[in-house]
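Here are my notes on the model, as numbered points. Have the structure open while you read.

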Amino acid sequence: MKTILITGGAGFIGSHVVRLFVSKYPDYKIVNLDMLTYAGNLANLKDIENKPNYEFVKGDIVDSDFILKLFEVKQFDGVIHLAAESHVDRSISNPTEFVYTNVIGTVNLLNAARHIWKNTKDKRFYHISTDEVYGSLGQEGMFTEETRYDPHSPYSASKASSDHFVRAYHDTFELPVVISNCSNNYGSFQFPEKLIPLFIHNIKNNKPLPVYGKGENVRDWLWVEDHAAAIDVIFHSGRLGETYNIGGFNEWKNIDLIRVICRVMDKKLGRTEGESEKLITFVKDRAGHDLRYAIDATKLKNELGWEPSLQFEEGIEKTIGWYLENEEWLKNVTSGDYQKYYEDQYIRR
Ligand code: NAD
Ligand code: TYD
């Protein structure tokens, strides 16, 4: 039986990865390490929490002694590292937190793997990253694995830094690593601070929809379960030392995407067409707002055969349906700190 550490498994993408691995690989013991920040919620994993091959450990990846101890005790065969501070707006109001978790937390995990894995045969450290490390595109072109890093936000700078450390541990200490850089994800269990769940939540509650700038920024949206499937393939078959880009080949200008969400919400809530669109409010642009992201995922398709499975129209219907059917979950994650988020400085230490 292999023991696999998944960090950040109580978060949005992590919970989908944990669910997939626990269900698909009964002969793996999955250890989910998560600090349960505002973004982590065990309600995301209710359906699998009693499975015999699943274990939850609460802990902070910034605590190096704790991490080393955990690696000593559990003797992991592989690591899939998703734990991170993940929201660009929060990185603008509190960049330091992103350095702690995303950079130092990642280096702590690398150090523990390096010290505990005496024999690295069959071991694998898989670091999950973002396309935002590549910076911003103009109207043309796509990010490939060869695109130079050019991060602009404190979030993407911290992720770029962690990617460099992962590569450095491969090149310097021969740690068996693999990295993937993915585009924007959408789907169930995403904390309602990111565009899609926030706007669904606000439309339902008849609150304004704050569109940054003119809404002309472009993002490439991927269904979260397709990301989890790509992570499965790369973890098992990706070549060591390599980077794989993951994307949906699915670009949307924010304002067009928001109009689609409004239309689907009108239909699902029985409102007259155009009612939700009235909530659109153009607000001051995000500082350093990247204009366009678009991922070329050809390498992943050619080498490992992965492709997105779900068309966006179906995915967004499904996603909106999920948030409307899971009011309890929404209530649960938006109680407490969430209410204060827009007024308070976000400080943990
Ligand atoms: P998320 O914010 O929903 O979840 C992050 C999880 O990490 C939470 O459960 C949180 O409790 C945990 N965590 C945070 N700090 C921790 C710490 N110090 N110790 C232990 N656990 C801690 O994030 P997400 O959207 O699921 O993103 C997961 C990963 O995927 C991140 O590394 C992110 O950079 C990357 N990514 C996200 C997207 C996206 O669209 N959301 C796209 C590409 C890559
Ligand atoms: P977001 O979901 O925060 O993801 P990211 O910034 O990592 O791409 O934002 C997606 C896009 O939507 C981005 O261009 C910023 C924009 N946006 C708004 O216009 N209003 C909002 O309230 C939010 C959260 C995002």
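Which residues come nearest to ligand 1?

1. Before anything else, keep in mind that this is a predicted model. As for ligand 1, there are 30 residues around it, and Ile13, Asp34, Ser86, Tyr155 and Lys159 come nearest.

2. Look at the oxygen atoms of ligand 1 next. A polar side-chain atom of Tyr155 is 2.7 Å from an oxygen atom of the ligand. The backbone takes part too: a polar backbone atom of Gly11 lies 2.9 Å from an oxygen of ligand 1, and for a backbone N or O atom of Phe12 the distance to a ligand oxygen is 3.0 Å. On its own ligand 1 exposes 840 Å², and the protein buries 97% of that.

3. Where does the shell around ligand 1 come from? Two or more residues each are given by helix H1 (12-24), strand S5 (124-130), helix H5 (154-173) and strand S7. S5 gives the most, with three residues. By character, the shell around ligand 1 splits into 14 nonpolar, twelve polar and four charged residues.

4. On to ligand 2, which has 18 residues around it; Glu132, Pro210, Arg219, Arg286 and His289 come nearest. An N or O atom in the side chain of Glu132 sits 2.6 Å from an oxygen atom of ligand 2. Two backbone contacts are worth a look as well: a backbone N or O atom of Leu195 is 2.9 Å from an oxygen of ligand 2, and a polar backbone atom of Tyr212 is 2.9 Å from an oxygen atom of that ligand. Of the 510 Å² of accessible area that ligand 2 has on its own, the protein covers 97%.

5. The shell around ligand 2 holds eight nonpolar, five polar and five charged residues. Helix H6 (195-204) and strand S8 (209-212) each supply at least two of the residues in this shell.

6. H6 deserves a point of its own. Eight of its ten residues are buried, so the helix is largely enclosed by the rest of the structure. The buried ones are Ile196, Pro197, Leu198, Phe199, Ile200, His201, Asn202 and Ile203. Just after H6, check the backbone at Asn206, which takes a positive phi of about 55°.

7. There is plenty to go through among the aromatics, with a count of 17 aromatic pairs. One of them is Tyr38 with Phe191, an edge-to-face pair at 5.1 Å centre to centre and 80° between the planes. This pair links distant parts of the chain, 153 residues apart: Tyr38 is in the loop between strand S2 (28-34) and strand S3 (54-58), while Phe191 is in the loop between strand S7 (184-186) and H6. Are these two rings' residues buried or exposed? Both Tyr38 and Phe191 are buried.

8. Tyr38 has another partner: Arg90 lies over the face of Tyr38, 3.4 Å from the ring centre. A second charge-over-ring arrangement involves Lys299, whose charged end sits over the ring of Tyr244 at 4.7 Å from its centre.

9. Last, a group to display together: Phe21, Tyr25, Tyr28 and Phe235 form one aromatic cluster.

Key. Residues are numbered from 1 along each chain as its sequence is written. Chains are lettered from A and ligands numbered from 1 in the order in which they are written. This is a predicted model: local features need pLDDT of at least 70, side-chain atom pairs count only at pLDDT 80 or more; totals for chains, interfaces and linings use all residues. Side-chain values use heavy atoms; hydrogens and water are left out. A residue is near a molecule or strand if one of its heavy atoms lies within 4 Å of it. A polar contact is a pair of N or O atoms within 3.5 Å; within protein, one must be able to donate a hydrogen and the other to accept it, and residues adjacent in sequence count only if both atoms are side-chain atoms. Accessible areas come from the Shrake-Rupley method with a 1.4 Å probe; for residues, only the protein chains shown count as cover. Helices (H or I, at least four residues) and strands (E, at least two) are DSSP runs, numbered from the N terminus. Ala, Val, Leu, Ile, Met, Phe, Trp, Tyr, Cys and Pro count as nonpolar, Asp, Glu, Lys and Arg as charged, and the others, Gly among them, as polar. Rings of Phe, Tyr and Trp (its six-membered ring) pair if their centres lie within 6.5 Å; planes under 30 degrees apart count as stacked, over 60 as edge-to-face and the rest as tilted. Buried means under 20% relative accessible area, exposed over 50%, partly exposed in between (1.4 Å probe, protein chains only). A charge sits over a ring if NZ of Lys or CZ of Arg is within 6 Å of the ring centre and within 35 degrees of the ring normal.
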